[in-house]
Amino acid sequence: MIDLLHKIAGRLESGSYINEAAIRIGIIEPVLAKLGWDTTDPSTVLPEFSSHGRRVDYALCAYPARPSVFIEAKAIGKVEAADRQLFEYAFHEGVPFAVLTDGRTWSFYLPSAQGSYEDRRLYKLDLLERSPDECERILKRYLSYERQRSGAAQSDAQQDYASRANERMASDTLARAWSEIVTEPDPVLIELLVERTEALCGIRPPLEAAENFILMRPATFSRPSESQSLPSKPTPQQDVAVPPSRPSQEPPRSRGEASRKLAASFRGEAIAGRDATAMFLQLLRQLVSAFPDRIEQIATAAKGRTRNHIARTAADVYPDRPDLTHAVVELIPGWFVGTNIANREKHRIVKAACEACGIAFGRDLIFDLPNI
């Protein structure tokens, strides 16, 4: 097979295959023979197979009179739109596997699968772009007589289709995931933005500023227009349009509405504070004062992915981050809380603390923050 593929590649490059007949005789039939098909047996390899008034170039029968593969041949560069014709043949006959080829490119399909023709294509093999070893492996995987007869080829094809379908589903969900990330920014994302900004300019911006910056970014993916030139191998980052900066005088706002004012209360009594951090500390102290036996449950509920937020020692609040000890304050004697957190995380911690104390967040305790 390797020697045959080398010869075919050389003839393809020299333009020796001038029409469809040359492709069939010089490429398809020799390849099928190397794959174990008896091309001289009309019960195994059926050329010009007729189906409901239609004709397919080859029907391969792993078992007599039971086509398992349809192959449609075209002249080099003439395979466009031929997939629909091939799918019609396969659908009417109930053939589980189909191949469309112009001798150079081989497209392997599952006609009965769901989705567009492109979705149902398992693999597109280019004999000039892939090594002979790789070409042999793919051709044997899908078209070997023994693997078709045993059902291994169909089983692998189904698995490959399911894998591709999962990849497509994940890719289609990327835009939704991105929208949720920038609409509800995770504390880790906010911290990464702050740290990168500090590394670039030497000044650490407030976490609230980083959070507001993320919230003002467009929440959807956009792709370059057709008039824009695209690189040959675009990276995921290049698929995301970089939005222009907003004017500095524009106030931060949440999506679709103006930012709400800062407000907090505990059991009907308003909580005063010059900023969100001051109110955050006041609310936690009110909760601990009202439920002194729940401090450990509050600390447990406050834990983030990499931070404790509330701990018995200042060093344990931000483990492995001694540079943040300046942001740790004493909550009550023997307990410390970190304040190097964005508003969304403050909001989450207070809500979790309410649940730990068994009171209703939003009724018994209210904590309204901008963009939350």
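**Figure 1. His309 sits in the loop that joins helix 10 to strand 11.** Helices (H or I, at least four residues) and strands (E, at least two) are DSSP runs, numbered from the N terminus. The model is a predicted one, in which local features need pLDDT of at least 70 and side-chain atom pairs count only at pLDDT 80 or more, while totals for chains, interfaces and linings use all residues. Residues are numbered from 1 along each chain as its sequence is written, and side-chain values use heavy atoms, with hydrogens and water left out. Take a look at the backbone here: His309 has a positive phi of about 70 degrees, although it is not a glycine. With a relative accessibility of 3%, His309 is buried; buried means under 20% relative accessible area, exposed over 50% and partly exposed in between (1.4 Å probe, protein chains only).

**Figure 2. Arg307 and its partners.** Arg307 belongs to the loop between helix 10 (295–302) and strand 11 (310–311). Its relative accessibility is 13%, so Arg307 counts as buried. Neighbours within four places in sequence aside, Arg307 is in contact with Glu191, Val317, Tyr318, Pro319, Arg321, Leu324 and Asn340, where contact means heavy atoms within 4.5 Å. The C-alpha atoms of Arg307 and Gly338 are 9.1 Å apart in space, with the two positions 31 residues apart in sequence numbering.

**Figure 3. Two more loop residues, Pro333 and Arg267.** Pro333 is found in the loop between strand 12 (328–332) and strand 13 (335–338). With 72% relative accessibility, Pro333 counts as exposed. From C-alpha to C-alpha, Pro333 is 9.2 Å from Arg312, a residue 21 positions away in sequence. Arg267 occupies the loop between strand 9 (263–266) and strand 10 (269–270). Its phi is near 50 degrees, a positive value in a residue other than glycine.

**Figure 4. Helix 7 crosses helix 8.** The axes of helix 7 (residues 187–201) and helix 8 (residues 207–215) come within 9 Å and cross at roughly 110 degrees. That makes the two helices, 7 and 8, roughly perpendicular. Axes are lines fitted to C-alpha atoms, for helices over the stretch in contact, and angles run from 0 to 180 degrees between N-to-C directions. Angles under 35 degrees count as roughly parallel, over 145 as roughly antiparallel, 65 to 115 as roughly perpendicular and the rest as oblique. On the helix 7 side you will find Leu189, Ile190, Glu191, Leu193 and Val194, which meet Leu207, Ala210, Glu211, Phe213 and Ile214 in helix 8. The residues of this contact divide into 8 nonpolar, no polar and 2 charged. Here Ala, Val, Leu, Ile, Met, Phe, Trp, Tyr, Cys and Pro count as nonpolar, Asp, Glu, Lys and Arg as charged, and the others, Gly among them, as polar.

**Figure 5. Helix 1 meets helix 2.** The axes of helix 1 (residues 2–14) and helix 2 come within 11 Å, crossing at roughly 170 degrees. Helix 1 is therefore roughly antiparallel to helix 2. Leu4, Ile8 and Leu12 of helix 1 make the contact with Gly26, Ile27, Pro30, Val31 and Lys34 of helix 2. These residues divide into 6 nonpolar, 1 polar and 1 charged.

**Figure 6. Aromatic pairs in the structure.** The structure holds 5 aromatic pairs. Rings of Phe, Tyr and Trp (its six-membered ring) pair if their centres lie within 6.5 Å; planes under 30 degrees apart count as stacked, over 60 as edge-to-face and the rest as tilted. Trp37 and Tyr145 form an edge-to-face pair, at 5.0 Å centre to centre and 80 degrees between the planes. This pair links distant parts of the chain, 108 residues apart: Trp37 is in the loop between helix 2 (20–34) and strand 1 (45–51), and Tyr145 in helix 5 (residues 145–150). Trp37 is buried, with a relative accessible area of 2%, and Tyr145 is buried with 18%. Phe49 and Phe70 form a tilted pair, at 5.5 Å centre to centre and 50 degrees between the planes. Phe49 lies in strand 1 and Phe70 in strand 3 (residues 69–73), so this pair ties together parts that are 21 residues apart in sequence. Phe49 is buried at 15% relative accessibility, and Phe70 is buried at 0%. Finally, look for Phe97, Phe108 and Tyr142, which form one aromatic cluster.
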